[in-house]
Amino acid sequence: MVSTARERARAALTEEILASARTQLATVGAAALSLRAVARDLGMASSALYRYFPSRDDLLTRLIQEGYDALGAAAEEADDPAQQPRARWHAVCAAIRAWARANPHEWALLYGSPVPGYAAPADTVPAAARVGVVLGGILGDAARAGLLPPPEGRRTHLVLPAATAVLGGDHPALDDATRARALMTWSAVHGMVSFELFGHFVGSVADGDAFFTEQVGELADLLGL
(Lines give C-alpha, C1' and ligand atoms only; values in the text may rest on other atoms or scores of the structure.)
Protein backbone atom coordinates (compact mmCIF):
# COMPACT_ATOMS: atom_id res chain seq x y z
CA MET A 1 0.00 0.00 0.00
CA VAL A 2 1.47 3.33 -1.09
CA SER A 3 1.66 5.91 1.68
CA THR A 4 0.86 9.55 1.10
CA ALA A 5 3.34 12.37 1.56
CA ARG A 6 1.50 13.37 4.73
CA GLU A 7 1.80 9.85 6.12
CA ARG A 8 5.50 9.70 5.28
CA ALA A 9 6.08 13.07 6.94
CA ARG A 10 4.21 11.94 10.05
CA ALA A 11 6.22 8.71 10.22
CA ALA A 12 9.49 10.60 9.83
CA LEU A 13 8.60 13.09 12.57
CA THR A 14 7.49 10.25 14.84
CA GLU A 15 10.94 8.70 14.45
CA GLU A 16 12.56 12.05 15.27
CA ILE A 17 10.45 12.28 18.42
CA LEU A 18 11.44 8.77 19.46
CA ALA A 19 15.11 9.46 18.77
CA SER A 20 14.98 12.58 20.93
CA ALA A 21 13.22 10.62 23.68
CA ARG A 22 15.96 7.96 23.57
CA THR A 23 18.53 10.70 24.02
CA GLN A 24 16.62 11.79 27.11
CA LEU A 25 16.75 8.21 28.41
CA ALA A 26 20.53 8.40 28.17
CA THR A 27 20.86 11.82 29.79
CA VAL A 28 18.11 12.16 32.40
CA GLY A 29 16.56 8.68 32.60
CA ALA A 30 13.04 7.43 32.02
CA ALA A 31 11.59 8.95 35.18
CA ALA A 32 12.51 12.46 33.98
CA LEU A 33 11.36 11.96 30.38
CA SER A 34 9.48 15.10 29.34
CA LEU A 35 7.34 15.82 26.30
CA ARG A 36 8.15 19.51 26.67
CA ALA A 37 11.88 18.77 26.56
CA VAL A 38 11.41 16.63 23.45
CA ALA A 39 9.40 19.40 21.80
CA ARG A 40 12.05 21.94 22.72
CA ASP A 41 14.81 19.69 21.32
CA LEU A 42 12.97 19.40 18.00
CA GLY A 43 11.92 23.02 17.83
CA MET A 44 8.25 22.09 18.04
CA ALA A 45 5.40 23.56 20.00
CA SER A 46 4.29 21.25 22.81
CA SER A 47 0.76 21.32 21.43
CA ALA A 48 2.03 19.95 18.12
CA LEU A 49 3.88 17.10 19.85
CA TYR A 50 0.71 16.10 21.68
CA ARG A 51 -0.85 15.19 18.33
CA TYR A 52 1.73 12.42 18.08
CA PHE A 53 1.93 11.36 21.72
CA PRO A 54 -0.89 12.70 23.92
CA SER A 55 1.03 12.07 27.14
CA ARG A 56 4.40 11.10 28.54
CA ASP A 57 3.00 7.65 29.27
CA ASP A 58 2.07 7.17 25.61
CA LEU A 59 5.64 8.01 24.64
CA LEU A 60 7.06 5.67 27.29
CA THR A 61 4.80 2.88 26.08
CA ARG A 62 6.01 3.29 22.50
CA LEU A 63 9.64 3.27 23.64
CA ILE A 64 9.04 0.13 25.70
CA GLN A 65 7.28 -1.66 22.86
CA GLU A 66 10.04 -0.81 20.41
CA GLY A 67 12.70 -1.85 22.92
CA TYR A 68 11.11 -5.22 23.55
CA ASP A 69 10.59 -5.75 19.82
CA ALA A 70 14.22 -4.92 19.05
CA LEU A 71 15.46 -7.26 21.77
CA GLY A 72 13.07 -9.98 20.63
CA ALA A 73 14.22 -9.60 17.04
CA ALA A 74 17.86 -9.98 18.15
CA ALA A 75 16.99 -13.19 20.01
CA GLU A 76 15.01 -14.56 17.06
CA GLU A 77 17.81 -13.80 14.62
CA ALA A 78 20.36 -15.56 16.84
CA ASP A 79 18.31 -18.74 17.16
CA ASP A 80 19.05 -21.42 14.59
CA PRO A 81 16.64 -24.36 14.95
CA ALA A 82 19.06 -26.52 12.95
CA GLN A 83 21.51 -26.41 15.86
CA GLN A 84 21.38 -28.46 19.06
CA PRO A 85 19.31 -26.91 21.87
CA ARG A 86 22.35 -26.18 24.03
CA ALA A 87 24.09 -24.29 21.21
CA ARG A 88 20.87 -22.38 20.54
CA TRP A 89 20.62 -21.46 24.23
CA HIS A 90 24.16 -20.09 24.24
CA ALA A 91 23.59 -18.15 21.02
CA VAL A 92 20.36 -16.53 22.20
CA CYS A 93 21.78 -15.63 25.61
CA ALA A 94 24.81 -14.07 23.93
CA ALA A 95 22.50 -12.08 21.64
CA ILE A 96 20.51 -10.79 24.62
CA ARG A 97 23.72 -9.59 26.26
CA ALA A 98 25.04 -8.04 23.06
CA TRP A 99 21.81 -6.11 22.49
CA ALA A 100 21.83 -4.86 26.08
CA ARG A 101 25.43 -3.69 25.85
CA ALA A 102 24.66 -1.86 22.60
CA ASN A 103 21.47 -0.33 24.04
CA PRO A 104 22.06 0.09 27.78
CA HIS A 105 19.52 2.85 28.32
CA GLU A 106 16.76 0.95 26.54
CA TRP A 107 17.66 -2.12 28.62
CA ALA A 108 17.36 -0.01 31.77
CA LEU A 109 13.93 1.15 30.62
CA LEU A 110 12.81 -2.46 30.13
CA TYR A 111 14.44 -4.11 33.15
CA GLY A 112 15.58 -1.34 35.46
CA SER A 113 13.72 0.52 38.18
CA PRO A 114 10.00 1.12 37.52
CA VAL A 115 9.10 4.62 36.40
CA PRO A 116 7.12 6.30 39.20
CA GLY A 117 3.49 6.79 38.25
CA TYR A 118 3.70 4.66 35.10
CA ALA A 119 2.12 1.27 34.54
CA ALA A 120 2.76 -0.48 31.23
CA PRO A 121 -0.50 -1.35 29.45
CA ALA A 122 -1.44 -4.87 28.41
CA ASP A 123 -0.59 -4.21 24.78
CA THR A 124 3.12 -4.25 25.67
CA VAL A 125 2.88 -7.93 26.66
CA PRO A 126 3.25 -9.50 23.17
CA ALA A 127 6.46 -7.55 22.55
CA ALA A 128 7.75 -8.35 26.04
CA ALA A 129 7.13 -12.07 25.48
CA ARG A 130 9.20 -12.40 22.30
CA VAL A 131 12.44 -13.38 24.05
CA GLY A 132 10.55 -15.83 26.24
CA VAL A 133 8.95 -17.40 23.19
CA VAL A 134 12.38 -17.98 21.66
CA LEU A 135 13.78 -19.55 24.83
CA GLY A 136 10.60 -21.55 25.33
CA GLY A 137 10.87 -22.83 21.78
CA ILE A 138 14.37 -24.14 22.53
CA LEU A 139 13.10 -25.91 25.63
CA GLY A 140 10.12 -27.37 23.81
CA ASP A 141 12.23 -28.59 20.89
CA ALA A 142 14.63 -30.25 23.33
CA ALA A 143 11.71 -32.02 24.99
CA ARG A 144 10.25 -33.23 21.71
CA ALA A 145 13.68 -34.47 20.59
CA GLY A 146 14.07 -36.49 23.80
CA LEU A 147 17.03 -34.40 24.91
CA LEU A 148 15.79 -33.46 28.38
CA PRO A 149 16.27 -35.62 31.47
CA PRO A 150 13.23 -37.52 32.77
CA PRO A 151 10.84 -35.17 34.56
CA GLU A 152 10.58 -35.29 38.31
CA GLY A 153 6.81 -35.42 38.14
CA ARG A 154 6.47 -32.87 40.93
CA ARG A 155 3.56 -30.46 40.82
CA THR A 156 4.90 -27.29 42.35
CA HIS A 157 2.02 -24.98 41.36
CA LEU A 158 4.61 -22.20 41.15
CA VAL A 159 4.05 -21.41 37.46
CA LEU A 160 0.69 -20.28 36.15
CA PRO A 161 -0.95 -22.58 33.57
CA ALA A 162 -1.24 -19.62 31.21
CA ALA A 163 2.57 -19.63 30.88
CA THR A 164 2.65 -23.20 29.53
CA ALA A 165 2.54 -22.13 25.89
CA VAL A 166 5.60 -19.90 26.27
CA LEU A 167 7.47 -22.41 28.45
CA GLY A 168 7.83 -25.05 25.75
CA GLY A 169 4.18 -26.09 25.42
CA ASP A 170 2.61 -29.32 26.63
CA HIS A 171 4.94 -32.31 26.71
CA PRO A 172 5.50 -35.16 29.20
CA ALA A 173 9.11 -34.02 29.71
CA LEU A 174 7.97 -30.55 30.75
CA ASP A 175 6.56 -30.75 34.25
CA ASP A 176 5.98 -27.98 36.77
CA ALA A 177 9.50 -28.25 38.16
CA THR A 178 11.09 -27.94 34.70
CA ARG A 179 9.01 -24.87 33.88
CA ALA A 180 9.93 -23.27 37.20
CA ARG A 181 13.62 -23.90 36.47
CA ALA A 182 13.14 -22.35 33.02
CA LEU A 183 11.81 -19.14 34.53
CA MET A 184 14.63 -19.13 37.08
CA THR A 185 17.34 -19.62 34.46
CA TRP A 186 15.92 -16.95 32.16
CA SER A 187 15.70 -14.46 35.00
CA ALA A 188 19.29 -15.35 35.96
CA VAL A 189 20.48 -14.49 32.45
CA HIS A 190 18.69 -11.15 32.60
CA GLY A 191 20.09 -10.57 36.09
CA MET A 192 23.65 -11.19 34.95
CA VAL A 193 23.21 -8.74 32.10
CA SER A 194 21.77 -6.12 34.44
CA PHE A 195 24.56 -6.64 36.98
CA GLU A 196 27.13 -6.10 34.24
CA LEU A 197 25.47 -3.02 32.78
CA PHE A 198 24.83 -1.37 36.12
CA GLY A 199 28.38 -1.97 37.37
CA HIS A 200 27.64 -4.55 40.07
CA PHE A 201 30.36 -6.94 38.86
CA VAL A 202 33.11 -4.35 39.22
CA GLY A 203 35.75 -5.69 41.58
CA SER A 204 34.30 -9.18 41.45
CA VAL A 205 34.53 -10.52 37.90
CA ALA A 206 37.91 -10.72 36.16
CA ASP A 207 36.69 -11.47 32.62
CA GLY A 208 33.11 -10.51 31.82
CA ASP A 209 32.92 -12.49 28.58
CA ALA A 210 34.29 -15.68 30.11
CA PHE A 211 32.14 -15.32 33.22
CA PHE A 212 28.95 -14.87 31.22
CA THR A 213 29.68 -17.79 28.88
CA GLU A 214 30.53 -20.15 31.73
CA GLN A 215 27.49 -19.22 33.78
CA VAL A 216 25.18 -19.55 30.79
CA GLY A 217 26.56 -23.08 30.45
CA GLU A 218 25.88 -23.76 34.13
CA LEU A 219 22.31 -22.57 33.66
CA ALA A 220 21.95 -24.83 30.61
CA ASP A 221 23.04 -27.76 32.80
CA LEU A 222 20.47 -26.80 35.41
CA LEU A 223 17.78 -26.60 32.74
CA GLY A 224 18.77 -30.02 31.43
CA LEU A 225 19.98 -28.95 28.01
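**Group meeting: a helical chain, its annotated spans and its pocket**

I'll start with residues 11-71, a span that is 74% helix and 0% strand, with its end C-alpha atoms 22 Å apart. The UniProt record, an unreviewed entry, annotates residues 11-71 as "domain: HTH tetR-type". Please keep in mind that this is a predicted model.

Now the chain as a whole. It has 10 helices and zero strands, so the pattern along the sequence reads α-α-α-α-α-α-α-α-α-α. The C-alpha trace spans about 65 × 50 × 35 Å along its principal axes. There are 225 residues, and 40% of them count as buried. If you take the contacts with a sequence separation of 6 or more, 70% are between residues 24 or more positions apart.

Next, the second annotated span. The same kind of record, again an unreviewed UniProt entry, gives "DNA-binding region" for residues 34-53. Over residues 34-53 the chain is 60% helix and 0% strand, and the end C-alpha atoms are 11 Å apart.

Helix H2 covers residues 35-42. At its start, a side-chain oxygen of Ser34 comes to within 3.2 Å of the backbone nitrogen of Arg36. Just after H2, Gly43 has a positive phi of about 70°. Which residues of H2 are buried? They are Leu35, Ala37, Val38 and Ala39. In general, an α-helix has 3.6 residues a turn, so residues three or four places apart point the same way. The cover over the buried residues of H2 includes helix H1 (5-27), helix H3 (46-49) and helix H4 (56-78).

On to the pocket. The largest pocket holds about 360 Å³ of space. Helix H7 (125-128), helix H8 (130-144) and helix H9 (176-197) are the elements that each give two or more residues to its lining. The lining has 16 residues, and those nearest the centre of the pocket are Ala128, Ala129, Gly132, Leu183 and Trp186. Which helix gives the largest share of the lining? That is H9, with four residues. By class, the lining of the largest pocket has 13 nonpolar and three polar residues, and no charged ones. For anyone thinking about electrostatics there, the count of charged lining residues is the one to note: none.

Last, two threonines. Thr164 sits in the loop between H8 and H9. Is Thr164 buried or exposed? Its relative accessibility is 15%, and the cut-off for buried is under 20%, so Thr164 counts as buried. The side chain of Thr164 reaches the backbone oxygen of Pro161 at 2.9 Å. Setting aside neighbours within four places in sequence, Thr164 is in contact with Gly169, Asp170 and Arg179.

Thr178 is in helix H9. With 4% relative accessibility, Thr178 also falls under the 20% cut-off and therefore counts as buried. What does the side chain of Thr178 make a polar contact with? The partner is the side chain of Asp175, at 2.7 Å. Again leaving out neighbours within four places in sequence, Thr178 is in contact with Leu139, Ala173 and Leu223.

To recap: an all-helix pattern, an annotated DNA-binding region at residues 34-53, and a largest pocket with 13 nonpolar residues in its lining. That is what I have for today.

Note on methods:
Residues numbered from 1 in each chain as written. Predicted model: local features only at pLDDT ≥ 70, side-chain atom pairs only at ≥ 80, totals over all residues. Heavy atoms only, no water. UniProt positions renumbered as here; feature names shortened; annotations may be inferred. 1 Å grid on protein atoms, 1.4 Å probe; cavity = no way out; pocket = protein on both sides within 12 Å on 5 of 7 lines; lining within 4 Å. Points joined across faces, edges and corners; volume = space filled by probe spheres on them. Nonpolar A, V, L, I, M, F, W, Y, C, P; charged D, E, K, R; others polar. Buried < 20%, exposed > 50% of the residue type's maximum accessible area, 1.4 Å probe, protein only. Polar contact = N/O pair within 3.5 Å; in protein donor to acceptor, adjacent residues only side chain to side chain. Contact = heavy atoms within 4.5 Å.
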